[in-house]
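I opened this structure to look up its enclosed spaces, one of its pockets and a few side chains inside it. My entries follow in the order in which I went through them.

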Amino acid sequence: MTAIRPFRIDIAQADLDDLRDRLARTRWSAQLPGQDWERGVPVAYLRELAEYWRTEFDWRAVEAELNAFPQFLTEIDGLDVHFLHVRSPEPHAVPLLLTHGWPNSFVEFTDTIGPLTDPRAHGLDPEPAFHVVVPSVPGFAFSQAPGATGMTVRRVATMFAALMDRLGYDRYGTQGGDLGAYVAPEIALVAPEHVIGVHVDGGLGMPTAADVPDMSASELADWDMMRGWMTGGTDHHSLLRAAPQSLAHAWTDSPAGLLGWLMQKFHEFSPMADHPEDVMKRDHLLTNAALYWFTNTAATSSWPMYDGLVDGGFAMPKGQNLVPTGQYGGGMPLMRRLAGDHNDIVHWPEGNPGNHFVAMEQPAAHVADIRAFFTLLADRPVEPVA
């Protein structure tokens, strides 16, 4: 049960041929009245992107690049968990567990793993360096999906803590954004004696109505602005909480439908860009889409919205005060105050670039901030792992 088995991605040629055939036979909708993305992903944009996916995107080359990362499977809590495990050549490297978000996958971190594990080879100071572990969240990519309700963030955190123990890491850091921003601090709650620090992207949750009575006038203005952002896009929390199975019938049968859904969300998660491809590489986005398609995980990855997050995911996590926390981006003073109520914040820089998925958009800045945070924790020594 505790065996760690090597894993390589090997998508059958028949599945590649089927994807291309389905894309070629897509029945396209008419373009509705409206400007640009006003009604959703524009038909002309998605048709061009789908045609690129069908005729130019080289899955076999991408597959080879992904297989350059050592990958494994191990059974934890009755489920096979897929993970990347890339060890650093540096003798004092710190073990670091990275947790991806939704609708993303472990490919979120493929541009940051190299500089994190081998900074010297990327023109950076050799310390700090990291032994990087990137699990696929259960139900995502190659990790087995839960077969019953009860797959909570707490359960994922417990599983990931068990993974780090199985790998022989007694002291390690955790990092994540989006869904990962919930998992990373939860690991500190379930294994505080093992976690040296928690680094998150994009905030430590969102305020709720319960926080309103304690808000100042300026904070209320910030809260109104934030609610406008929260209600301005497609509410995937409500959709996937209410009827993920109904929606997944289309995503599972139509790669164009799946691509449209994913690009809708990546567009909304990139509010400072006109198009997701302005800030993220096209092939990076399509690698993520291809993983969802080939592993048939559009449905199984929806569990955080119906089973795992409080109030559909917008409640402020209670966080943890057991180990230090660092945040990639600053944000409104309201967010800093609420985060400080439940977290030992030691790193809260202003001015870091990027939208939501900063590891994909700004890999160099993301790596720099992770390194800066763990440098602050240098007075908490971590023994080299044999």
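How many nonpolar, polar and charged residues does the lining of the largest cavity have, by class? I counted 8 nonpolar and 2 charged residues there, and no polar ones.

**Entry 1: confidence.** Before going further I noted that this is a predicted model, and that the mean pLDDT of the protein chain is 92, with 94% of its residues at 70 or more. I marked residues 382–386 separately, since pLDDT stays under 50 over that stretch, although the model still has 10 contacts beyond four places in sequence for it. Where pLDDT is low, the predicted coordinates should not be read in detail.

**Entry 2: the largest cavity.** I found 2 cavities of 30 Å³ or more in the structure, and I began with the largest, which has a volume of about 60 Å³. Its lining consists of Leu16, Leu19, Arg20, Leu23, Trp53, Arg54, Phe57, Trp59, Ala290 and Phe294, and the charged members of the list are Arg20 and Arg54. When I asked which helices stand behind this lining, I found that H1 (13–24), H2 and H11 (282–295) each supply at least two residues, and that H1 gives the most, with 4 residues.

**Entry 3: the second largest cavity.** Here I recorded about 40 Å³ of space, lined by Trp102, Pro103, Trp251, Leu258, Trp261, Leu262, Tyr292, Ala298 and Ser301. By class the lining has 8 nonpolar residues, 1 polar residue and no charged ones, and the polar one is Ser301. Helix H10 gives the most to this lining, with 3 residues.

**Entry 4: the second largest pocket.** I then turned to an open space, the second largest pocket, whose volume is about 380 Å³. It is lined by 17 residues, and those that lie nearest its centre are Trp28, Ser29, Val41, Val43 and Leu46. Sorting the lining by class gave me 8 nonpolar, 7 polar and 2 charged residues. Helix H2 (43–55) and helix H10 (255–268) each supply at least two of the lining residues, with H10 giving the most, at 3 residues. I noted that H10 also gives the most to the lining of the second largest cavity, and that H2 also supplies at least two residues to the lining of the largest cavity.

**Entry 5: Ser105.** Is Ser105 buried or exposed? I found Ser105 in the loop between strand E4 (94–99) and helix H4 (113–117), and its relative accessible area is 1%, so I count it as buried, the cut-off being under 20%. Its side chain makes a polar contact with the side chain of Asn288, at 2.8 Å. Leaving aside neighbours within four places in sequence, I listed His100, Asn288 and Leu291 as the residues in contact with Ser105.

**Entry 6: Gln320.** I looked up Gln320 in the same way and placed it in the loop between helix H12 (303–308) and strand E8 (324–327). Gln320 counts as buried because its relative accessible area is 2%, which is under 20%. The side chain of Gln320 makes a polar contact with the side chain of Thr325, at 3.1 Å. Beyond four places in sequence, Gln320 is in contact with Pro185, Ala188, Leu189, Val198, Thr325, His342, Asn343 and Asp344, and I noted that Thr325 appears both in this list and as the polar partner.

How values were computed. Residues are numbered from 1 along each chain as its sequence is written. This is a predicted model: local features need pLDDT of at least 70, side-chain atom pairs count only at pLDDT 80 or more; totals for chains, interfaces and linings use all residues. Side-chain values use heavy atoms; hydrogens and water are left out. pLDDT is the predictor's confidence in each residue, from 0 to 100. Contact means heavy atoms within 4.5 Å. On a 1 Å grid over the protein atoms alone, a cavity is a set of points where a 1.4 Å probe fits but cannot get out, and a pocket is an open set with protein on both sides within 12 Å along at least five of seven lines; lining residues have an atom within 4 Å of a point. Grid points are joined across faces, edges and corners, and a volume is the space filled by probe spheres set on the points. Buried means under 20% relative accessible area, exposed over 50%, partly exposed in between (1.4 Å probe, protein chains only). A polar contact is a pair of N or O atoms within 3.5 Å; within protein, one must be able to donate a hydrogen and the other to accept it, and residues adjacent in sequence count only if both atoms are side-chain atoms.
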